[in-house]
Amino acid sequence: MNAVYVNSLAGLGTEGSSTTGKAMAAKSVKPPRKLANSRDNYCRNPKLGFALCLILADAFLVALIIAYVPYTKIDWDAYMSQVSGFLGGERDYSKLQGDTGPLVYPAGFLYIYSAIQHVTGGEVYPAQILFGVLYIINLGIVLFIYAKTDALPFWSFCLLSLSKRVHSIFVLRLFNDCFAMTLLHAALALVLLRRWNLGLIIFSFAVSIKMNILLYAPPLLLLMLKAMDIGGVITALAGAALVQILLALPFIVSHPFEYISKAFNLGRVFIHFWSVNFKFVPEPIFVSKQFAVLLLITHLILLAVFAHYKWCKHEGGLLNFINSWFLSIKLRFPNNKSSFKLLKEEHVVTTMFVGNFIGILCARSLHYQFYSWYFFSLPYLLWRTPFPTVLRLVLFTGIEFCWNVYPSNIYSSILLLSLHLILLWGLWSGPAEHPYVHSEASDRKQK
């Protein structure tokens, strides 16, 4: 820039002209430098190229699976029967049945699979192709989340493509869990981009497909309280509630009790035979209400402990954070000013993934398709522990092994629970991330 400036100064006779030459020189030199820096940043980041190669390789693998591995009939016919009843005008949820039983999913499920039936004609093969595309989209979103956090080495991304069970869940069994988790990951990506309102809307869509997404609700609410003031929280929650109301409206208007009792039945008792995680528990205990209550209490205690000692550690604990939050509302209310805090990506993802994993650990029954509920968070969770890399890979391999034992047995379920507990201990032992982004810009906004 100095050479350009000297040349321009030499060619001009007046002080004003030299100022003009200086401005012209700055204009002509700065943009190429920024462009070069941006290009260098992309070239120096191996995660982008590795992620793209991984997506292409996995797309090829998915195509091979669809072409050569036989489809497994489980719930597809039941889905199509329930959708046909809905499209035929039935709005009583208790009468929407399939060969595996009554419909037990919220209304979003019906809209999604009605669209799938329209596109595929109810045929399995085109549906497999659609789910293959969905798998790749989901993988791309998860890789985006991982790349945003910068919490683990890029080579560990390949673990996301190494699950035999998850490939089967997506393209050989066509479960609704696939759509629910893809939307959940999309919602999390939007939160990382600080699009909270849109993220909550997508989150609500995911809940409308399958209720397991509610496992993410407690950590998500905590993050909202950290990032937004009362007005922002209410607005985001209102948007999510509105989605549920609009999707359920045809059923609520005609048969509200049937819809709520079937679509949001929190007291369902799963069949002991299909349990992957608690097969070692005797069936009379497994189906008992006391066992369910014990797991629920354990779930709530673990959430409270992690929230107090890990997720709110830098705020002085959960109770102190809640007290400070309400105090800030009182202080800010007369001014009527909104306030947003910038959360670190690692803190957001860790809180969400660990909160969901606690729910997985305390679930009374995990069926094989439920592996998709937390598989895509496993590499991230493993790298949030202080364990050596070898032990992380052993835990990953062991969990994958347990989910591929069919049918599950006492030993595989004990092993799975043990591996989950080791992972939980590692997450507890790891350091707590500082939650907030500290910069001059964010400090000015907070003031």
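The protein comprises 20 helices and two strands in a model that is predicted. Of its 447 residues, 49% are buried. Contacts that link distant parts of the sequence are frequent in the following sense: among contacts between residues at least 6 apart in sequence, 79% join residues that are at least 24 apart.

One helix pair was examined in detail. Helix α9 spans residues 196–207 and helix α10 spans residues 217–227; their axes come within 13 Å of each other and cross at roughly 165°. Because angles over 145 degrees count as roughly antiparallel, α9 is described as roughly antiparallel to α10. The handedness of this crossing is left-handed. On the side of α9, the contact is formed by Trp196, Leu200 and Phe203, while α10 contributes Ala217, Leu220, Leu223, Met224 and Ala227. Classified by residue type, the contact of α9 with α10 consists of eight nonpolar residues, with no polar and no charged residues.

Two threonine residues were then considered, beginning with Thr120. This residue belongs to helix α5, which covers residues 107–120. Thr120 has a relative accessible area of 8% and is therefore classed as buried, the cut-off for that class being under 20%. The side chain of Thr120 reaches the backbone oxygen of Ile116 at a distance of 2.7 Å. When neighbours within four places in sequence are left aside, Thr120 is in contact with Trp76, Pro126 and Ala127. Between Thr120 and Leu130, which are separated by 10 residues in sequence, the C-alpha to C-alpha distance is 8.6 Å.

The second threonine, Thr385, is located in a loop rather than in a helix: the loop in question lies between α17 (378–382) and α18 (389–403). With a relative accessible area of 4%, Thr385 is likewise buried. A polar atom of the Thr385 side chain lies 2.6 Å from the backbone oxygen of Leu382. Apart from residues up to four places away in sequence, Thr385 touches Arg392, Leu423, Gly426 and Leu427.

Taken side by side, the two sites can be summarised as follows. Thr120 is placed in helix α5, and its side chain reaches the backbone oxygen of Ile116. Thr385 is found in the loop between α17 and α18, and its side chain has a polar atom 2.6 Å from the backbone oxygen of Leu382. Thr120 is buried, and Thr385 is buried.

How values were computed
Residues are numbered from 1 along each chain as its sequence is written. This is a predicted model: local features need pLDDT of at least 70, side-chain atom pairs count only at pLDDT 80 or more; totals for chains, interfaces and linings use all residues. Side-chain values use heavy atoms; hydrogens and water are left out. Axes are lines fitted to C-alpha atoms, for helices over the stretch in contact, and angles run from 0 to 180 degrees between N-to-C directions. Helices (H or I, at least four residues) and strands (E, at least two) are DSSP runs, numbered from the N terminus. Angles under 35 degrees count as roughly parallel, over 145 as roughly antiparallel, 65 to 115 as roughly perpendicular and the rest as oblique. A crossing is left-handed if the near helix is turned anticlockwise from the far one by less than a right angle, and right-handed if clockwise. Contact means heavy atoms within 4.5 Å. Ala, Val, Leu, Ile, Met, Phe, Trp, Tyr, Cys and Pro count as nonpolar, Asp, Glu, Lys and Arg as charged, and the others, Gly among them, as polar. Buried means under 20% relative accessible area, exposed over 50%, partly exposed in between (1.4 Å probe, protein chains only). A polar contact is a pair of N or O atoms within 3.5 Å; within protein, one must be able to donate a hydrogen and the other to accept it, and residues adjacent in sequence count only if both atoms are side-chain atoms.
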